[in-house]
Amino acid sequence: MEQIKYTELDDVLSKFSIFGRYHIELLLYLAFAYASNSMYCSNYIFAAEKIEYRCTDPLYNSSSERNTSRCLEWSYEDPHSFVAEFQIGDQEWKRTLVGTAHSFGYMIGLLLIGPISDRLGRKKAIVITGVLGGVFGLTKSFTSWYWVYIALEFLESALGDICSPLYILNIEIVSTKRRVSYYLLCSLGYILGSIILPLTAWAVPYWRNYLRAIYTPAFLFFFYTYLIDESPRWLLIKGKKDKAITILKNAAIKNKIEFGKGVLEDLHTEDQKGIGFFNLLRLTFTSPTMLRRCVICIIWWGTCTFVNYGLIINSVSLEGNKYVNFILMSVLDIPGNFVIMYILLYYKRKYPLIVTFLLGGVLCMVQPFLPTDLPWLSLIVYITGKLMSSFYFSITYMYTSELFPTYTRNSMHALCSSLGRIGSIIAPQTPLLMAYWRGLPSMIFGISAVLAGLVTFLVPDTADDSLPDTVRQAEDIGKTKNVKNIEFT
């Protein structure tokens with residue numbers, strides 16, 4: 001009997017500490033990218049903010065004339081604001097359309113960026129989307145035409161969203177056991193971006209200069225061509241073993257790690273370089289197991305975006321300085337990040353997701369029945385429900401990527417996320433339901449979350465498994481452990 005031994009990539013990656021030089025340097029680059037993405041996703045909150053305005057004609061401002069005459073000139077609280085420069089004071093829908101265009105562009109873009117990342121690589125996708133985000137973002141700061149601005153807002157979010165390939169590289173560059181810790185440490189950059197954004201808007205109040213301040217650094221992503229490495233896992237699955245070994249050797253030198261003779265040369269994976277990309281997608285979708293997981297992940301994402309965004313727009317606006325409030329809400333995410341890290345490390349994925357979905361759903365459903373004379377109780381229930389929605393959103397983000405094989409991981413993650421964004425499109429309409437019953441939006445949020453929690457019983461836990469490279473390995477998640485040796489007789 002001849003025994004053929006090979007090395008699993010996860011075994012090699014487990015030798016690297018996330019606090020070694022290589023991963024610390026990469027963490028800084030990834031955190032910067034997360035920070036930029038955070039600012040771009042919310043840029044319109046301060047760029048196209050609401051301001052007060054009135055008609056310069058005194059007669060129009062009287063209630064008797066407003067319905068019978070048309071204002072010819074508006075006076076704005078800030079004559080240099082977005083609303084004033086585009087003269088849309090009496091067209092509120094045009095101001096809110098900026099955010100809608102951004103969300104819609106993000107949804108469409110995910111369907112494009114995912115396949116690009118799977119075909120060209122995580123690194124190339126990061127560089128392309130990072131630079132394009134800066135190009136479109138900076139260009140829109142110069143336009144004088146409203147509809148051109150809307151088109152650029154759409155293109156910026158559709159072609160310049162760096163988060164999807166960034167996240168996939170983030171989790172593929174470390175071992176299974178360090179996946180959660182490394183991702184959540186890198187994602188602190190996202191929170192940092194949420195803090196820098198209002199500070200920039202506060203320091204640079206003119207909206208055009210504000211946009212230039214946040215988008216100009218995006219051109220630094222061109223240098224990521226030389227600063228970051230491609231995912232060794234992606235290289236192996238594409239049959240580029242020599243390049244993967246070179247990256248791992250250089251990383252080992254930086255971290256002062258030595259591997260035994262032939263360890264890296266014996267790296268094993270089932271490469272798919274001879275199979276077309278669309279055939280790989282077909283292999284994924286023709287698997288009943290993968291198709292079921294895809295449907296469940298879409299339910300997760302739809303619920304996450306629907307409930308999380310819905311809770312925000314149905315909540316009472318905070319009083320006080322808008323910039324300080326935005327910063328405080330962002331700072332609160334820091335301890336929340338470490339709480340979710342602890343949960344994912346010690347309680348895996350499946351049951352924390354089920355518990356947070358169900359608990360969050362129940363809290364939403366009881367909200368309408370709380371005594372009106374106990375506002376503090378209503379506030380506590382709301383904050384806890386919102387916290388649960390943040391928790392299951394974070395778990396969903398990681399869980400989705402762990403359920404699909406490497407060669408279509410980014411595509412499947414992007415597909416589920418994109419279709420799930422329908423929830424964020426529906427959410428703004430939920431306040432209209434309050435005309436029938438004030439508690440109807442909360443009840444629908446709760447039912448959605450409970451449903452998402454129940455379907456989670458149909459998927460396996462992934463916490464103890466290496467990231468699957470093929471459909472067969474993905475189908476075996478939760479059934480068998482990875483085999484290190486293959487025997488031939």
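Start by selecting Asp 476 and Arg 472: the two form a salt bridge, with the closest N and O atoms 4.0 Å apart. This is a predicted model. Keep the pair selected and look at its surroundings. Asp 476 has a relative accessibility of 27%, so it counts as partly exposed. Arg 472, at 44% relative accessibility, counts as partly exposed as well.

Next, select Arg 21, Glu 25 and Lys 254. Salt bridges with shared partners join these residues into one network.

The structure holds 11 salt bridges. Two further pairs link helices.

Select Glu 172 and Arg 122. Their salt bridge has its closest N and O atoms 2.9 Å apart. Colour the helices to see what the pair connects: Glu 172 lies in helix H9 (residues 163-172) and Arg 122 in helix H7 (residues 122-140), so the salt bridge ties together parts that are 50 residues apart in sequence. Now show the surface. Are Glu 172 and Arg 122 buried or exposed? Both are buried.

Stay on helix H7 and move to Lys 140, then add Glu 156 to the selection. The side chains of Lys 140 and Glu 156 meet in a salt bridge, at 3.0 Å from N to O. Lys 140 belongs to helix H7 and Glu 156 to helix H8 (residues 146-159), so this pair ties together parts 16 residues apart in sequence. With the surface still on, check this pair too: Lys 140 and Glu 156 are both buried.

To finish, display helices H7 and H9 with Arg 122 and Glu 172 as sticks, then add helix H8 with Glu 156, and Lys 140 on helix H7.

Conventions
Residues numbered from 1 in each chain as written. Predicted model: local features only at pLDDT ≥ 70, side-chain atom pairs only at ≥ 80, totals over all residues. Heavy atoms only, no water. Helix = DSSP H or I, 4+ residues; strand = E, 2+ residues; numbered from the N terminus. Buried < 20%, exposed > 50% of the residue type's maximum accessible area, 1.4 Å probe, protein only.
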